[in-house]
Amino acid sequence: MPKFNEPLTLKSGVTINNRLFMSPMTTQQSFYNGTVTRDEIEYYSARAGGVGAVITGAANVQDGGKGWPGELSIASDLYLPELQALAKGIQAKGAKAIIQIFHGGRMTSSATLSGKQPVSASAVAAERPGAETPRAMTTDEIHATIAAFGEATRRAIQAGFDGVELHGANTYLIQQFFSPHSNRRTDEYGGSLTNRYHFIKELLASVFAAVDKYADRPFIVGYRVSPEEFEKPGISFADTLWLVDQLRETKLDYLHLSLNNYTRKSQDPAYQEQSMLGYVQAELAGSMPLIGVGGVRNRTDVARVLASADAVAIGQQLIFDPTWAEKLLSDKDDTFVTAPFADLIDTSALNTPLREFVRAMITSRAARIAAYRAKSK
Ligand SMILES: Cc1cc2nc3c(=O)[nH]c(=O)nc-3n(C[C@H](O)[C@H](O)[C@H](O)COP(=O)(O)O)c2cc1C
């Protein structure tokens with residue numbers, strides 16, 4: 001089992017100082033058009049000490065992929081100077097800077113898109129209150145989005161980031177193409193598992209082509225995936241293991257399994273012997289490092305994640321306890337912030353958009369978990 005303070009060398013050749021990653025978290029601190037703000041740079045820089053790498057919140061690769069107001073954008077060269085300042089602000093603390101690149105697909109709204117209808121693989125609304133029905137993307141639009149992920153990778157390289165993480169999780173566009181719920185297409189991008197993987201395959205080719213063409217240094221490409229969906233039809237855990245089989249044949253530097261709790265088991269009765277993290281690690285069979293996440297608050301959690309993964313991502317603990325990683329590295333565990341996150345929202349030094357966003361995330365997540373528990377009783 002790896003130790004959290006051991007370095008991690010990736011396929012690309014990048015060595016990360018230790019196994020602690022700041023988990024990607026949207027903070028709504030960018031300007032209205034997606035330009036990074038000084039507040040945002042300060043926020044990341046304050047949390048970059050001690051972690052091996054910071055993964056930024058999701059940055060949209062196209063205007064139509066914007067998920068929230070105040071979201072980071074990497075959709076235009078206009079944003080390069082501020083993106084460069086963000087990468088530098090993180091790296092100045094000794095951490096690698098990885099920017100998460102994404103497209104919201106159907107998980108956005110026409111209000112966020114200044115009146116435009118959201119797009120997705122198919123015209124199927126998400127199963128959540130108030131979800132809008134998206135417009136199915138044309139083949140040309142699919143090609144343009146795939147090219148936009150390549151362009152975003154070029155910008156990340158030019159802005160001085162150490163890598164990109166493809167956001168293939170949390171129900172956004174990349175996941176929407178793999179899901180039989182949101183993807184009902186009858187062309188080469190829909191139908192069988194292989195066809196639903198087609199978008200991801202082309203996306204990876206576009207991103208790696210940008211790395212080959214523009215990177216003058218080793219550059220990280222990671223991939224975040226959610227393990228299963230509750231919708232019927234939806235992505236099953238077996239589908240995800242199939243996806244892992246495809247991804248392990250690629251040049252990806254790491255796989256990041258998105259979970260709210262690292263101990264979580266699959267809803268599928270066929271996979272109850274270990275956590276989903278454990279199954280994914282077994283499926284990867286050492287082909288690339290796995291990052292585990294979800295509910296890490298102390299040293300014991302870190303060790304438990306590392307029993308089934310190669311690195312640990314920390315989210316909310318770092319929002320409320322910015323120097324938590326430094327405290328862990330210097331054995332100052334007694335100074336960890338331990339209160340429930342909901343109790344910390346009003347007492348922490350968070351600016352207004354971030355505080356309200358975090359409040360909404362924490363309260364809606366609590367409501368979702370309660371609804372899920374009620375349903376599964
Ligand atoms: C405020 C907030 C924003 C988030 N934004 C993102 C995001 O942009 N991309 C992503 O992949 N996950 C996002 N997440 C999920 C986290 O990366 C992480 O997986 C989750 O919070 C569980 O880890 P934790 O218990 O350590 O917070 C977000 C979570 C929170 C609380």
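In this predicted model, the domain assignment divides the chain into domain 1, covering 8-336, and domain 2, covering 339-377. A distance of 21 Å separates the C-alpha centres of domain 1 and domain 2. Where the domains touch, domain 1 brings 9 residues to the contact and domain 2 brings 9 residues as well. On the side of domain 1 that touches domain 2, helix 9 (residues 316-320) gives the most, with 3 residues. That side of domain 1 is made up of 6 polar, 2 nonpolar and 1 charged residues.

The ligand is a helpful next stop for a reader finding the way around this structure. Both domain 1 (8-336) and domain 2 (339-377) give residues to the shell around the ligand, so the ligand lies between them. There are 24 residues around the ligand, and those that come nearest are Ser23, Met25, Ala58, Gly315 and Gln316. At least two residues of the shell come from each of strand 4 (53-60), helix 9 and helix 12 (352-375). Helix 12 has the largest share, with 3 residues. Sorted by class, the shell around the ligand holds 13 polar and 10 nonpolar residues, together with 1 charged residue. Helix 9 thus appears in both settings: helix 9 supplies residues to the shell around the ligand, and helix 9 also gives residues to the side of domain 1 that touches domain 2.

Two helix pairs can be followed next. In the pair formed by helix 3 (residues 139-158) and helix 5 (residues 193-214), the axes are 8 Å apart and the packing angle is about 35°. The crossing of helix 3 past helix 5 is right-handed. From helix 3, the residues that meet helix 5 include Ile142, Ile146, Phe149 and Ile157. Their partners in helix 5 include Phe199, Leu203, Val207 and Tyr214. The contact of helix 3 with helix 5 counts 12 nonpolar, 4 polar and 2 charged residues.

The other pair is formed by helix 6 (residues 237-247) and helix 7 (residues 276-284), whose axes come within 9 Å and cross at roughly 35°. Here too the crossing is right-handed, with helix 6 passing helix 7. Helix 6 takes part through Phe237, Leu241, Val244 and Asp245, which meet Met276, Tyr279, Val280, Glu283 and Leu284 in helix 7. By class, the contact of helix 6 with helix 7 consists of 7 nonpolar and 2 charged residues, with no polar residues.

Conventions. Residues numbered from 1 in each chain as written. Predicted model: local features only at pLDDT ≥ 70, side-chain atom pairs only at ≥ 80, totals over all residues. Domains from an automatic or database assignment. Contact = placed C-beta atoms within 7 Å. Helix = DSSP H or I, 4+ residues; strand = E, 2+ residues; numbered from the N terminus. Nonpolar A, V, L, I, M, F, W, Y, C, P; charged D, E, K, R; others polar. Axes fitted to C-alpha atoms, helices over the stretch in contact; angles between N-to-C directions. Left-handed = near helix turned anticlockwise from the far one by under 90°. Near = placed C-beta within 6 Å.
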